[in-house]
Amino acid sequence: MCYLLLPADIYPDRYWFKYNFNESPDHLSFKKGTPQREWAKAPRFHLQGEIDLDRLLLFDWFMTDGPDLIGPRLSALIRQYAPHDVQLIDAEVLVNGEPLRGFQVPNITTVIDCLDMEESVYVPLLPGVHGSPPHFISTIFRPHALDGHGLVRSNEDISLIVASAEFAEACRAQNITGIRFQENLT
């Protein structure tokens, strides 16, 4: 069985990290499913304001205006369940000017055909444009689509992150927060 990995429904606005676009790699580089070589500069994030650090650190997946950001517990599970699917890139994170360690940007580099295009429901993303990519309303996964993989991007829609049942179960068992797993988009 496969699951869509999606952000949590509830995430406090004050905990949205800002990405330093000028001093960091292009944020779109992390959304393409291609491995990245050594960076000239690390991805940098910051958060300012009245932050309860203990509450912030209860999360494992953090919302940002740039690429995805994860904490050490989720990084450890990715290393265990998806070591060949995800490149973990160390991030520089500041909260009110103080550095936090152990944060990473996940670059999901495995892209595979996961969706049953006959059973899934979709419309053209750009109606009337020939060859427009699909916009999925309902997703049905191909049987055994993720055999041998833990966390991938869907080739049918690169924005969809797909998790194996084993990875999803491990996240649930460890009470990983900031994400949720759904069988379908609806």
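This dialogue explains how to read several features of a predicted model.

User: Which helices and strands does the chain contain, and how many of each are there?

Analyst: A first reading counts the elements and then considers the overall form. In this predicted model, the chain has 3 helices and 15 strands. Its radius of gyration is 17 Å, close to the 16 Å that the globule rule gives for 186 residues, so the chain is as compact as a globular protein of that length. Along the principal axes, the C-alpha trace spans about 50 × 40 × 30 Å.

User: What share of the residues counts as buried, and what share of the contacts joins residues 24 or more positions apart?

Analyst: Of the 186 residues, 47% count as buried. Among contacts in the chain with a separation of 6 or more, 67% are between residues 24 or more positions apart.

User: In what order do the 5 strands of the open sheet stand, and which strands are at the edges?

Analyst: The order of an open sheet is read from one edge to the other. Here the 5 strands follow the order 10-13-14-1-15, with mixed pairing. Strand 10 (111-112) and strand 15 are the edge strands; each has a single partner strand, so one side of each is left without a neighbour in the sheet.

User: How many bridges pair strand 14 with strand 1, and how many pair it with strand 13?

Analyst: Strand 14 pairs with strand 1 in the antiparallel sense over 4 bridges. Within this pair, Tyr3 stands opposite Ala163, and Leu4 has Val162 as its bridge partner. Strand 13 also pairs with strand 14 in the antiparallel sense, over 3 bridges, and there Val152 has Val162 as its bridge partner. A hairpin through 6 residues joins strand 13 to strand 14.

User: Which way do the residues of strand 14 point, and are they buried or exposed?

Analyst: In a regular strand the side chains alternate between the two faces of the sheet. In strand 14, Ile161 and Ala163 point one way, while Val162 and Ser164 point the other way; all are buried.

User: Which residues of helix 3 are buried, and where do they lie around the axis?

Analyst: One lists the buried residues and then examines their directions around the helix. In helix 3 (residues 165-173) the buried residues are Phe167, Ala168, Ala170 and Cys171. They cover an arc of only 160° around the axis, which puts them on the same side of helix 3. These buried residues pack against strand 1 (2-7), helix 2 (72-81), strand 13 (151-154), strand 14 (161-164) and strand 15 (179-182). Just after helix 3, Asn175 takes a positive phi of about 55°.

User: What is the arrangement of the other open sheet, the one with 4 strands?

Analyst: The same reading from edge to edge applies. The order is 2-3-7-8, and the pairing is mixed. Strand 2 and strand 8 (98-100) stand at the edges with a single partner strand each, so one side of each has no neighbour in the sheet. Strand 3 and strand 7 (residues 92-95) run parallel and are joined by 4 bridges; Phe45 has Val93 in strand 7 as its bridge partner.

User: Where is Thr110 found, and why does Thr110 count as buried?

Analyst: A single residue is read by its place, its accessibility and its contacts. Thr110 is in the loop between strand 9 (104-108) and strand 10. Thr110 counts as buried because its relative accessibility is 11%, under the cut-off of 20%. Leaving aside neighbours within four places in sequence, Thr110 is in contact with His84, Asp85, His149, Val152 and Arg153. With the side chain of Asp85, the side chain of Thr110 makes a polar contact (2.9 Å). Thr110 and Val152 are 42 residues apart along the chain, yet their C-alpha atoms are separated by 5.1 Å.

User: What is the place of Val123, and which residues does Val123 touch beyond those up to four places away in sequence?

Analyst: Val123 is in strand 11 (residues 121-124). Val123 has a relative accessible area of 34%, and therefore is partly exposed. Not counting residues up to four places away in sequence, Val123 touches Pro133, Pro134, His135 and Ile137. Val123 and His135 are 12 residues apart in sequence and 5.3 Å apart in space, C-alpha to C-alpha.

Notes: Residues are numbered from 1 along each chain as its sequence is written. This is a predicted model: local features need pLDDT of at least 70, side-chain atom pairs count only at pLDDT 80 or more; totals for chains, interfaces and linings use all residues. Side-chain values use heavy atoms; hydrogens and water are left out. Helices (H or I, at least four residues) and strands (E, at least two) are DSSP runs, numbered from the N terminus. Buried means under 20% relative accessible area, exposed over 50%, partly exposed in between (1.4 Å probe, protein chains only). Contact means heavy atoms within 4.5 Å. The arc is that of the directions from the helix axis to the C-beta atoms. Two strands pair if DSSP finds at least two bridges between them. A polar contact is a pair of N or O atoms within 3.5 Å; within protein, one must be able to donate a hydrogen and the other to accept it, and residues adjacent in sequence count only if both atoms are side-chain atoms. The radius of gyration is taken over C-alpha atoms; the globule rule is 2.2 Å times the number of residues to the power 0.38.
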